[in-house]
Amino acid sequence: MRRSSARKGGVGSTPVAISTAAGSKAAAKELERIDLLFGQYADKNEDSTMGPEGVEQLCHDLGVEPTDIRVLLLAWKLQAARQGYFSLEEWRKGLKAMRVDTVEKMKKALPSLQQEVLNPNIFRDFYTFSFQYCLTEPRQKTLDLETAAEMLRLVLGDRSHVVKFVQFLKEQTEYKVLNLDQWTAFLRFCDEIDEDLCNYDENQAWPLLLDNFVEWAHKKVTIAG
């Protein structure tokens, strides 16, 4: 009599099934470690939220100041909805994307975020997030000039025009706030306009704010000359 090729008791586990099960178990373990890390910094009265105190402690453990751009990059990677707060869901998604589940791994991952935003398209996303992240009140659509100036210095660093533009914002009296269109246009201004402003064309679709800035800058040069 021929023996059946099937194993007694039914078909055994296939390599694919074994691999899938192992992957699911590893993912569950990773999520458990991510949640445990979050728990170290979560609010005592609301364990699904990490508030300002927890974020500050996290910064201390990472060896960075809360005002360091790397903290803003982390908030961007987590797509944090509130300034100074991380939700458990944001934390899970962000850390899984970064492939980190310990403070030490996060320390090592922060420089890679700085490298990531060297891509112009990704940087634009980060730049837009930086504006929206500072909108702390319901229905708020603008930033006061002091906050806007601080964020421009932090996010754009030593790019062309930043220092002069911040000085202009402090000296002028017509504008009290910056909106998203103005914020976004200034990044394009930095990317496209020469240091001496010679290729600036006011007939193009620039916000009036930037027309005024260029006029102010030209006057500064005239006075200095």
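Visitor: Into how many nonpolar, polar and charged residues does the lining of the second largest pocket divide?

Guide: In this predicted model, that lining is made up of eleven nonpolar, two polar and four charged residues. The second largest pocket itself has a volume of about 300 Å³.

Visitor: Which residues lie closest to the centre of the second largest pocket?

Guide: There are 17 lining residues, and Val117, Leu118, Phe123, Val155 and Arg159 are the closest to the centre. Helices α3, α6 (120–133), α7 and α9 each give two or more residues to this lining. The largest share, four residues, is the contribution of α6.

Visitor: I see Phe123 and Arg159 in that list. Where does the charged end of Arg159 sit?

Guide: The charged end of Arg159 is placed over the ring of Phe123, 4.4 Å from the ring's centre. You can find another such arrangement at Arg188, which lies over the face of Trp206 at 3.8 Å from the ring centre.

Visitor: How is empty space in a structure found in general? And what is the volume of the largest pocket?

Guide: The general idea is to roll a probe the size of a water molecule over the atoms, which shows where empty space is left. Here, the largest pocket has a volume of about 410 Å³. Its lining has 17 residues, and Pro66, Thr67, Val71, Gln83 and Tyr133 lie nearest its centre. Two or more lining residues come from each of α2 (52–62), α3 (69–78) and α7 (145–156). Helix α2 gives the largest share, with four residues. By class, the lining of the largest pocket holds eleven nonpolar, three polar and three charged residues.

Visitor: Now for enclosed space. How many cavities of 30 Å³ or more does a search of the whole structure find?

Guide: The search finds one. The volume of the largest cavity is about 30 Å³. Around this cavity you will find His161, Lys164, Glu195, Leu197, Phe213 and Ala217. Sorted by class, they are three nonpolar, one polar and two charged residues.

Visitor: Phe213 is an aromatic residue, which brings me to rings. How should I read a pair of them?

Guide: A pair of aromatic rings is described by the distance of the centres and the angle of the planes. In this structure the count comes to 19 aromatic pairs. Take Phe165 and Phe186: their ring centres are 4.1 Å apart and their planes are at 20°, so this pair is stacked. Phe165 lies in helix α8 (residues 162–171) and Phe186 in helix α9 (residues 180–192), so the pair ties together parts that are 21 residues apart in sequence.

Visitor: Are Phe165 and Phe186 buried or exposed?

Guide: Phe165 is buried, with a relative accessible area of 0%. Phe186 counts as buried too, at 1% relative accessibility.

Visitor: Back to Phe213, then. Why is the pair of Phe165 and Phe213 called edge-to-face?

Guide: The planes of these two rings are at 85°, with the centres 5.2 Å apart, so the Phe165 and Phe213 pair is edge-to-face. Phe165 lies in helix α8 and Phe213 in helix α10 (residues 208–224), so this pair ties together parts that are 48 residues apart in sequence. Both Phe165 and Phe213 are buried.

Visitor: Which residues do ring pairs link into a cluster?

Guide: The cluster consists of Phe165, Phe168, Phe186, Phe189, Tyr200, Trp206, Phe213 and Trp216. You have met some of these names already: Trp206 is the ring with Arg188 over its face, and Phe213 is one of the residues that line the largest cavity.

Definitions and conventions
Residues numbered from 1 in each chain as written. Predicted model: local features only at pLDDT ≥ 70, side-chain atom pairs only at ≥ 80, totals over all residues. Heavy atoms only, no water. Phe/Tyr/Trp six-rings, centres within 6.5 Å; stacked < 30°, edge-to-face > 60°. Buried < 20%, exposed > 50% of the residue type's maximum accessible area, 1.4 Å probe, protein only. Lys NZ or Arg CZ within 6 Å of the ring centre and 35° of its normal. 1 Å grid on protein atoms, 1.4 Å probe; cavity = no way out; pocket = protein on both sides within 12 Å on 5 of 7 lines; lining within 4 Å. Points joined across faces, edges and corners; volume = space filled by probe spheres on them. Nonpolar A, V, L, I, M, F, W, Y, C, P; charged D, E, K, R; others polar.
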